[in-house]
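Reader: I would love a close look at the sheet in this model, strand by strand where you can. Could you walk me through how the pieces pair up and where a few individual residues sit?

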Amino acid sequence: NVPSYDENEWRFSLFYSPTSQLPVPLPGVAYFWRPDECWDVSIGVPAAVTYRPTKRLTLQAAWRPLANFDATATQELGDGWSLSGGYRTHTDTFFLSQ
């Protein structure tokens with residue numbers, strides 16, 4: 001992470017998984033932007049957004065190469081309890097054992 005203006009920063013990363021769709025190292029560059037207390041946005045690769053419309057409700061979405069997507073909604077109920085739901089798509093690959 002390289003700090004930028006205010007609470008913003010540049011994020012540099014390297015993705016690698018031998019079981020991914022592209023089993024080679026992939027570079028990632030994203031700009032993390034926090035325009036206000038309600039929003040956290042990562043523009044680039046990986047891409048992500050977090051939105052907090054109220055103190056108890058959080059909406060999140062994220063994309064990582066190549067076909068990995070997550071979306072989650074979480075409602076805090078109080079005293080350590082929360083309710084969440086989401087959608088997730090990932091490419092799963094397994095090595096066969098001999």
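Author: Happy to! Let's begin at the N-terminal end of this predicted model, where strand E1 meets strand E2 (residues 9–15) through two bridges, the two strands running antiparallel. One pairing here puts Pro-3 together with its bridge partner Glu-9 in E2.

That pair belongs to a wider arrangement. Eight strands make up an open sheet, ordered E1-E2-E3-E4-E5-E6-E7-E8, with antiparallel pairing. E1 (2–3) and E8 (81–89) are at the edges with a single partner strand each, so one side of each has no neighbour in the sheet. As general background, strands of a sheet pair through backbone hydrogen bonds, in either a parallel or an antiparallel way.

The secondary structure of the protein consists of those strands: zero helices and eight strands. Along the sequence the pattern therefore reads β-β-β-β-β-β-β-β.

Now to the stretch around E4. Strand E3 (residues 26–36) and strand E4 (residues 39–44) run antiparallel and are joined by five bridges. A hairpin of two residues links E3 to E4, and Trp-33 has Val-41 in E4 as its bridge partner. On to the next strand: E4 is joined to E5 (residues 47–51) by four bridges, again in an antiparallel way. E4 and E5 also form a hairpin, with two residues between them. In this pairing Ser-42 stands opposite Ala-48 in E5. If you are following side chains along these strands, a general point helps: in a regular strand they alternate between the two faces of the sheet.

Two residues further along are worth a visit. Thr-58 lies in strand E6 (residues 57–64). Its relative accessibility is 18%, and because the cut-off for buried is under 20%, Thr-58 counts as buried. Setting aside neighbours within four places in sequence, Thr-58 is in contact with Thr-50, Tyr-51 and Arg-52, and also with Thr-72, Ala-73 and Thr-74.

Tyr-87 sits in the edge strand E8. With a relative accessible area of 51%, Tyr-87 is exposed, because the cut-off for that is over 50%. Leaving out neighbours within four places in sequence, Tyr-87 is in contact with Phe-69, Asp-70 and Ala-71. Glu-76 is eleven residues from Tyr-87 in sequence, and their C-alpha atoms are 18 Å apart in space.

Finally, let's step back to the protein as a whole. Its C-alpha trace spans about 50 × 35 × 20 Å along the principal axes. The radius of gyration is 16 Å, whereas a compact globule of 98 residues would have one near 13 Å. Buried residues account for 16% of the 98 residues, and Thr-58 is one of the buried residues. Taking contacts between residues at least 6 apart in sequence, 14% join residues at least 24 apart.

As for the surface, the accessible area of the protein is about 7500 Å², and 59% of that belongs to carbon and sulfur atoms. For your electrostatics, there are 7 positive and 10 negative side chains, and the centres of the two sets lie 3 Å apart.

Key:
Residues are numbered from 1 along each chain as its sequence is written. This is a predicted model: local features need pLDDT of at least 70, side-chain atom pairs count only at pLDDT 80 or more; totals for chains, interfaces and linings use all residues. Side-chain values use heavy atoms; hydrogens and water are left out. The radius of gyration is taken over C-alpha atoms; the globule rule is 2.2 Å times the number of residues to the power 0.38. Buried means under 20% relative accessible area, exposed over 50%, partly exposed in between (1.4 Å probe, protein chains only). Contact means heavy atoms within 4.5 Å. Accessible areas come from the Shrake-Rupley method with a 1.4 Å probe; for residues, only the protein chains shown count as cover. Lys and Arg count as positive and Asp and Glu as negative; His and the chain ends are not counted. The place of a charge is taken as NZ of Lys, CZ of Arg, CG of Asp or CD of Glu. Two strands pair if DSSP finds at least two bridges between them.
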